[in-house]
Each structure stands twice: as structure tokens, then as C-alpha cells.
Amino acid sequence: MPDDIRPVDTGGIGAPVRRVEDRRLLRGLGRYTDDLAIPGVTHMAIVRSPHAHAAIRAIDTAAARAAPGVLAVLTGADAQADGLGTLQTVVQRHRPDGSPMPRPPYRVLATGAAKFVGDPVAVVVAETRNAAKDAAELVAIDWQPLPAVTDAVAALAPGAPAVWPGLCDDNLCFLFGLGDAAAVDAAFARAAHVVSLDFRVTRVSANPLEPRAAVGAWDAAEARYTLWSGVQAPHKIRSELAETVLGVPHHALRLVSPDMGGAFGMRGSPTQEHALVLWASRRVGRPVKWVADRTESFLSDFHARDNVSTVELALDREGMFLALRIRTVAGLGAYLAFNTPHSPTNNLGGLAGVYRTPAIRAEVRGAFTNAQPTAPYRGAGRPEATYAIERVIDVAADRLGIDPVELRRRNLIQPGQIPFRTGLVFTYDSGDFPAGMRLAMQAADWDGFAARRAGSEARGLLRGRGIANAIEIAAGPQRAPNEEGVEIRFDPGGDATLLLGTHNHGQGHETAFRQMAMSLLGLPFERVRILAGDTDAVTHGRGTFGSRSVIAGGFALRQAAEAIIARGKRIAAHLLEAAEGDIEFDAGSFRVAGTDRALRIEDVARASYRLGALPKGEPMGLAALAVTTTDEATFPNGCHVCEVEIDPETGVVQIDRYVVCDDVGAVVNPLLLKGQIHGGIAQGAGQALGEAIAYDEAGQIVTASFMDYRMPRASDFPPFEVIGNHVPTPNNPFGIKGAGEAGTVGALPVVISAIVDALRPFGVTHLDMPATPERVWRAIRAARS
């Protein structure tokens, strides 16, 4: 029995099973892209623009080509000569006049001009990594610096430098509107109270544990490429690279995604580097590897968030919500990557929160800037939406003199009103929002806050608390196809392999799907192998993102298991000399009803490979493939309560207490659930407290290392208390809602709200993230003066 799955506590759905994969990963036995020993591999270094915007007047590669160990130096002109296509976005939006949004050419190597610091303009392939890096420094480029703009609001101002002159002179990529504008305007006109809040959600970098890496290989004998790279959606990315960039059939490209140290949305799109290693491999006739260092990651990874908004809330005299209106400017970067327009526009339904707001209107302007393209990042628009509604509720409570909890209570959707059609897009299928808030407050000892605040004051510290009700869409979009594939394949020894279209990059799939197989088929953990991330082995998959895996993948697994059981009954009936209708299946055994005559599923699987053991005409082997769709979304929700202490002399913020009461529907594994929520909170609070990509006036990134980009530390967090208020959804057979992004959705607003509450004695009513010590200190000093 393999060491990675023995000994381990096992159990089916709902059991607190320890992560199976940790036996491998924690002993250094993981297989990451850079670990792969590919015979004859060469190494690629990328020459990137040092300018935020500059014309490329000439490129001299002679010195680089002559450097020791160099096999090739390639430029954008070479890519065009070889007919390489451009990367595309799959999200269509429109300009204010209804015309399609402009789509700048997103080439694998820039030609004509570079559009951001880090834009790739040439590659060097050499025998070693160091030789490639040394030769890359010898590529001489004649640059003509051009005016640049990195701030989204500034990009839309009259007279701003055009990122794409002639294509989009005003930098406005699209205007996207959602919701009934007339109803919202009418509600605001009759409102007794209108409050507003201007806020910024910072541009951030995902910074996974393992930097991005890729290995490409061209097989001349088969006329076929292979790409090894950690990605979230192998089949989708394979298809895009084959069709749009390489111009080859799907079958001419195999993508293998090994272990990866986190993804968070950033690894969900095809990238220039994916295409470059494949193209370079064909050029040099050997495999080509590229591995980013951390600074190169800051310069080349997709960034995320980056929007500036004004949100307004209309209320009647009793504090009931009448309407919500938000206007957002979203920084897109210089190019439209696969999902760039998605995050600021596709999850706006979360603006409704868990409240009965009748009318909501959202308008989003997407702005081109001289920065990296943006991509989804844990939550992908959901945290931003929740931040808007929860923060403006706090502002309204302060302005109207109503307790913020009471204001929320008055407007909460009640259990008896579900299913509830919100004022914007979503229809909630299940949940008990009042109970969730009540339980969170009890666990946080809400009533004991005054004593804790007094204790903090006695030590010269400020204490504040925040509360935020979060809700998000998972496995959506609502009422849209959400397909996924799973194959169950038994071998002649009676063991099963689950071939998953989803992909594990830290969530615990190797454990969770074994648990599901145990519940569905009665298979012990040690008899189940998990295989994912190889487009040659797995027939079809949509991938892992949007908290969808155990919902969409679990539904496909259930369908495949039902097919296995149906076929197993036919085989068992033949072996037990009984009628097929008399065979029952339970807990891994086929039994003749009313008797003790039974066969384990493993025995039936073994028999399926024996000549003469099968009914006449029955094919050999026991396997089933299911590619299914879940037509309805789910809506994980929860209530977060946070308390912070602030040193007014230094501005240092310390999270002192954090409680979350989550509703993720049925729970597959409570240990995995808590791990996901903990990680989500850390990423949301990390952005609230310190994470931000910053540029100087010339468009240079000034936060391109961990010395300047403030990642959260373990010391930033207290123990998190996670409790449940789980209401199973009727929208899938397991009742699961999804959990991967829930922590982040609530953490962003609740941490800022707690900080603002601590600063309220100084008259501070809002503080934009990140709440760094300097920013908090300055806010206190400004208020005192």
C-alpha cells in the first residue's frame, strides 16, 4: 500500500479526514513543474521592457546569439513570421455607443511598442538557465519612451496618455451596466436618506508559493507539442493555446499540469510563457524550460482587483433599504487576457448582499492602463461587491445614528422569504441569514466588547470591531451550463482510478473525492487513485475555479458511480445466478435481496476482466465516464466578526479576534472546510492590511519584491473561530454550496470596518485599504490636527 495513503483516518462524506496528499507534499515528494527531469531540456530567459510605455525602434540580438551556450534568440518579428496567433479574451463587453470593445493585439512577444514594465519583447534559449539569463542582458533594444498611465481613474481623464493610440484614444475599453436604472433613480428620488462612499480596492498580486513555470516540448515524429505547467483548467488552456496561438488541432497539444503551490485564479488563463516555451522548443528541436523568479513574477504575473468606486445607498425614514447604486472604474491593464473583463463585471449580483434591497444598479467602466493585465483572484469580484454593500451600510448606520447590527437586522432576507429574487440578478435558493449573524455574534461575545475596549484603552490602545454579512455565487453563473467530467476506471485487480476534470492546487481534492467515492461506491481509500491534470488521460474537464469543484465534479462523479453500479448489478446477477432486479447495492456490496449472498464491488471489477465471467454480449472491464452539467448556482454565505487593536502612536493594527459563521451547505470534510476558510480570510485580511501593487510616476512598479509588497504573516492573525450554520442547497444532489472563496469575500470589508470603528473617536469614517501603519498613523494625525 502506498505510503501517501497509509495510515490515515478514513471516512465518507462529512468525515473529518486528514488530507491524504499531505503525506506526499510535506515530505518533499511533490512534483512541481521545476522538479520535472525532462531529457535534453534547455532553458529560456525573457527580455522584458524596462519602460511602462515605449516604442521599440530596433532590436540587436547579435551579441546574445554569440554568447556561450545560446541556441536561439527570438523576437516578436520571428513569432509573426512563424504565424503565431494572439491571446484572446472570452468575455465580450461593449463601448457606450454599443460597439464591441476594442481588443488590442496580445502577442506572445511585443512588437512596435511595449505597454507595461515587464512586457516581453524577446527570448533567449540556452543550455543552462544562467547562460540564458546572461545572454538576455546582451540583447540591445533601442527604446523611445512614451507617456504612460497606470492609474485607472487617471487613464479616463481628458488628455491622459493613450495606451493604444488609434485603437482606443480615450482608454475606455467598455461600459457595462446591470440593473434597472429607472427604478433605482426613482427610489433615490423618494428616499429620506442617501449616503455614499468613495473607495478603492487595491491592485494585488496572487503570489502563489510556487512561482509560475513551464516546460514545452515538440515531438517531430508525432508532430505534437507537450506542455507541462501548473494550471487550473488544463483542457480549456490546451484548447486556447492550440487554436488561437499555435494554430494546431487540439490533439496536437498535450497539457500536463503537475503539483502547484497555489493558483487563486491567476493560473486560470493561457499565458505568453506557455506559448513561448512550445514555440521555442519547435525552433531549437529540444524541450525548453522557463521558471520565474519572484521579481519576474511581480512583473509578469496577472494582477487582480484594481478598481475605484462610488457606492450610494437610499433608505426610507425607518432605515429600510430602497436602492443601491454603484459606479466603478476598473483597471484592466494594457491587454485583455482570457478573463480580464470577467472580475469587474460578472459577479455584480453580490452587491445585493443578504438584504431585501428592491432595486440595484451597477455601472463599470473598464480602463486600459500601462500595467499587467488583470485576471480573477480569489473571489473574482465577489469580495469587491460585498465590500461595497457592507461598508456603505456602516456609513449609513453612522450617519443615521442607528446601530450597524440593527440596521442590518431590519433589512435581512428572512428564511421564510427564500427562495428570494434579489434586486440584481441572483435568486437565493437556501440559507438562514438572521441565524448566521446571531450565531457569529454569540461566538464573538459581541456583548462583552465594551469591557475589552476598556481594557485596550487602559493599555493605551484603540479597539474596534466590525461585522460583515457575506454571500457569493459558487458553481455559477446562475442558470448557465456548468459542465464537468469524471471517469471511474477499475483495473483487473479491483482498484479504481478517478480521472477528474477538476484540478487540485491546494484544496484537498485527493482527499475529498476519495471521500465521495467511499460514500458512493463503498471503496476504501487505499483502493482509489486520483488522476487529474493530463489532457491525454482525462477525457474532458472544465477545471477548478469559482468554488465549483466538489459541486460540478461531485455531480459528475455521482453520475459515473450510478453507471458503475448499474453495470455492476448485471455482472453480479450473472455471477450470483440471480435476476438483475433482485440485486441490491449498498456500502460497496452487491447482494441478492433477502439473502446473505453478496459480492464486493472489487470482486465484480476483477470478474469483469475474466473471460467467461460476464453475461453474453457484456463488454469486458468496469468503467464509466460522465460529463454532466449543473444548471443552478449555489450561494455560500456567512457572517464575519473581527476585532482589532491599534497603537495610536505607531498606527500598527493587530487583529485580536476573528469569528466566522459560514453556510456552505452540506460539508464534505470539516477539516478541509476550515482550511479553505482560514486561507481565504488570510488573503482577504492580507489585502486589507498591506497588500498593494504600487507604481511611481514613470509607471515603474515599486513593490516588485517581498521587501516592498507586504504579504501577511502568521503573526498578523489570531486563531480563527469557524462555526457552521449550514443549510443544504436543493440545487445539487449533495446539498453542497462551495467554500473556496468564502473567507476572502467577508474578510476584506470586516477588517476595514473594524479599523474604522477603532478610529471613529477621531472622526474617521472610512480608510482605504491597505491599512498600513503609515496610513493609519497619518489618518490619526490628520484627524487630531
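Modeller: Two strands pair if DSSP finds at least two bridges between them; strands (E, at least two residues) and helices (H or I, at least four) are DSSP runs numbered from the N terminus. This is a predicted model, where local features need pLDDT of at least 70, side-chain atom pairs need 80 or more, and totals for chains, interfaces and linings use all residues. Residues count from 1 along each chain as its sequence is written, and side-chain values use heavy atoms, without hydrogens or water.

Colleague: Okay, S13 and S14: over how many bridges do they pair?

Modeller: S13 covers residues 303–315, and S14 covers 321–333. Ser309 sits across from Thr328 in S14. The two strands pair in the antiparallel sense, and the number of bridges is 9.

Colleague: Which residue takes a positive phi in their hairpin?

Modeller: Look at the 5 residues between strands S13 and S14. One of them has a phi near 85 degrees, and that's Gly319.

Colleague: And S15, does it run parallel or antiparallel to S14?

Modeller: S15 is residues 359–368, with 10 bridges joining it to S14. Ala323 stands opposite Ala359 in S15. The direction of S14 and S15 is parallel.

Colleague: How many residues of S14 are buried?

Modeller: Buried means under 20% relative accessible area, exposed over 50%, partly exposed in between (1.4 Å probe, protein chains only). S14 is mostly covered, and of its 13 residues the buried ones number 12.

Colleague: Now the open sheet with S2 in it: what are the edge strands?

Modeller: Three strands lie in the order S4-S2-S6, with antiparallel pairing. S2 (54–60) and S4 share 2 bridges, and Ala55 has Ala113 in S4 as its bridge partner. The strands that pair on one side only are S4 (113–114) and S6 (140–145).

Colleague: Why does Pro102 count as buried?

Modeller: Pro102 belongs to the loop between helix H3 (76–81) and S4. In space, its C-alpha is 6.1 Å from that of Cys173, though the two are 71 residues apart in sequence. Pro102 counts as buried because its relative accessibility is 10%.

Colleague: What's the distance between the end C-alpha atoms of H16?

Modeller: H16 (549–576) has 28 residues. The expected span is 1.5 Å times one less than the number of residues, which for H16 gives 40 Å. Right after H16 comes Glu577, with a positive phi near 55 degrees. The distance in the model agrees with the expected span, at 38 Å.
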